Amino acid sequence: GYYGYDHDDYQKTADWLLSQTKHRPQVAIICGSGLGMLADALKCQDAFHYTDIPGFPQSTVQGHAGRLVFGELKGKTCVCMQGRFHMYEGHSLCKTTFPVRVFKLLGVETLIVTNAAGSLADGLKPGDIMIIKDHVNFPGLGGFNPLNGPNDDKFGPRFPAMSACYNPGLRCLAMDIAKQQGVAELVQEGVYAAVGGPNFETIAEAKLMHRLGVDAVGMSTAPEVVVAVHCGLRVFGISLITNKAEAFSSPPNLLSARDTSRCRSPGI
Ligand SMILES: O=P(O)(O)O[C@@H]1C[C@H](O)[C@@H](CO)O1
Ligand SMILES: Nc1nc2[nH]cnc2c(=O)[nH]1
């Protein structure tokens, strides 16, 4: 079925927020798992628990505080999500991306998405930062798309292009800043793939994605970016690499019954 929202649903939430804070954010930041402390850097904060915001979905995952924080960061007015919504929590994709359209109605122009992700690339280690240059939206390819249902022309077109989701200028700027800050060796560009989760990949799934050109895999972000690009937001994304998929230390796939030296039989 289709569990969508009306334009009014987004508008009501946006109007409530605009009535509760004087901040008028230009930038929205979605903090991934364990990255919520980013919001603590905001000055002159106004914070709202998701439970207190009319129409807002609720967080159920550890490491996601469930707060929307408005404030100033380096002279820009920002709104930070401390905790995002994932499909594996049982939310529809419209619900996981609800805040993005609310941000658009608040007047936001730029969306920064962050996430925790597993590395599938030889040169990406735990602790590294991957600037997202493109994504593979596996649920989207299979028909699980937050834009399913009647198109809301006020937000964007029925068939939006996704060929330049991640703003090239912001990607370059981030690379330059990494150099200036002396952390260039920790920062690389790569392709993020979104899967549904909540289980991690099998070895065969991780190998498949690696061969398809995926550098890091996680359980979020792509649906938010699809909705953001649909409504004309400028997007910048980073993955914090938290673990390495072990797919490449495993033995080759095919094992002949003639060579059982790699088998450990439990005995019959
Ligand atoms: O919200 P993000 O994408 O950072 O969360 C990732 C995906 C799962 O929620 C969790 C698994 O480690 O981290
Ligand atoms: N799917 C997936 N999500 C993650 N989030 C953090 N690490 C991983 C991972 O290895 N796989």
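These are my notebook entries on a predicted model, taken one region at a time.

**Entry 1: ligand 1**

I started with the surroundings of ligand 1. I listed Gly32, Ser33, Val61, Arg84, His86, Asn115, Ala116, Gly197, Gly218, Met219 and Ser220 around ligand 1. Then I sorted that shell by class. I found 7 polar residues, 3 nonpolar ones and 1 charged one.

**Entry 2: ligand 2**

I moved on to ligand 2. How many residues surround ligand 2? I found 13, and the closest are Ala116, Gly118, Phe200, Val217 and Gly218. Ala116 and Gly218 also appear in my list for ligand 1.

Next I looked up which elements build the shell of ligand 2. Strand 5 (110-119), strand 8 (216-218) and strand 9 (234-244) each give at least two residues. Strand 5 has the largest share, with 3 residues. By class, I noted 7 nonpolar, 5 polar and 1 charged residues around ligand 2.

**Entry 3: helix 1**

I checked the length of helix 1, residues 7-20. Its 14 residues should span 20 Å at 1.5 Å a residue, and the C-alpha atoms at its ends are 20 Å apart, so the two values agree.

Which residues of helix 1 are buried? I found Tyr10, Thr13 and Leu17. They cover an arc of only 70° around the axis, which means that they sit on the same side of helix 1. The spacing fits a general rule. An α-helix has 3.6 residues a turn, so residues three or four places apart point the same way.

I then turned to the opposite face. Asp8 and Ser19 are exposed there, on the face of helix 1 turned away from the buried side. I also looked up what covers the buried residues of helix 1. The cover includes helix 3 (98-106).

**Entry 4: strands 2, 3 and 4**

I took strand 3, residues 67-73, as my centre here. Is strand 3 mostly covered or mostly open? It is mostly covered, with 5 of its 7 residues buried.

I followed its pairings on to strand 2 and strand 4. Strand 2 (residues 43-49) runs antiparallel to strand 3, and 5 bridges join them. In that pairing, aspartate 46 has phenylalanine 70 of strand 3 as its bridge partner. Strand 4 (residues 76-82) is also antiparallel to strand 3, with 7 bridges. There I noted glutamate 72 bridged to threonine 77 in strand 4.

The hairpin of strand 3 and strand 4 has 2 residues between the strands. Lysine 74 takes a positive phi near 50° in this hairpin.

I found another positive phi in strand 2. Cysteine 44 lies in this strand. Its phi is about 55°, although it is not a glycine. I count cysteine 44 as exposed because it has 11 C-beta neighbours inside 10 Å, and the limit for exposed is 12 or fewer.

**Entry 5: strands 6, 7 and 8**

I went on to the parallel pairings. Strand 6 (residues 129-137) and strand 7 (residues 187-194) are parallel and share 8 bridges. Histidine 135 stands opposite tyrosine 192 of strand 7. Strand 7 also runs parallel to strand 8, through 3 bridges. Which residue of strand 8 is the bridge partner of alanine 194? I read off glycine 218. Gly218 is also one of the residues around ligand 1.

**Entry 6: two loops**

I looked up proline 198 in the loop between strand 7 and helix 6 (203-211). The peptide bond leading to it from glycine 197 is cis, with omega near 0°. Gly197 is among the residues around ligand 1.

I then visited threonine 221, in the loop between strand 8 and helix 7 (222-230). Threonine 221 has a positive phi of about 70° and is not a glycine. Is threonine 221 buried or exposed? It is buried, because 26 other C-beta atoms lie within 10 Å.

**Entry 7: lysine 95**

I closed with lysine 95, which lies in helix 2 (residues 93-96). It counts as partly exposed because it has 19 C-beta neighbours inside 10 Å, and 20 or more would make a residue buried. Leaving out residues up to four places away in sequence, I found lysine 95 touching Pro57 and Phe85. I also checked lysine 95 against phenylalanine 159. They are 64 residues apart in sequence, and their C-alpha atoms are 20 Å apart in space.

How values were computed
Residues are numbered from 1 along each chain as its sequence is written. Chains are lettered from A and ligands numbered from 1 in the order in which they are written. This is a predicted model: local features need pLDDT of at least 70, side-chain atom pairs count only at pLDDT 80 or more; totals for chains, interfaces and linings use all residues. A residue is near a molecule or strand if its C-beta atom, placed from the backbone, lies within 6 Å of it. Ala, Val, Leu, Ile, Met, Phe, Trp, Tyr, Cys and Pro count as nonpolar, Asp, Glu, Lys and Arg as charged, and the others, Gly among them, as polar. Helices (H or I, at least four residues) and strands (E, at least two) are DSSP runs, numbered from the N terminus. The expected span of a helix is 1.5 Å times one less than its number of residues. The arc is that of the directions from the helix axis to the C-beta atoms. Two residues are in contact if their C-beta atoms, placed from the backbone, lie within 7 Å. Two strands pair if DSSP finds at least two bridges between them.
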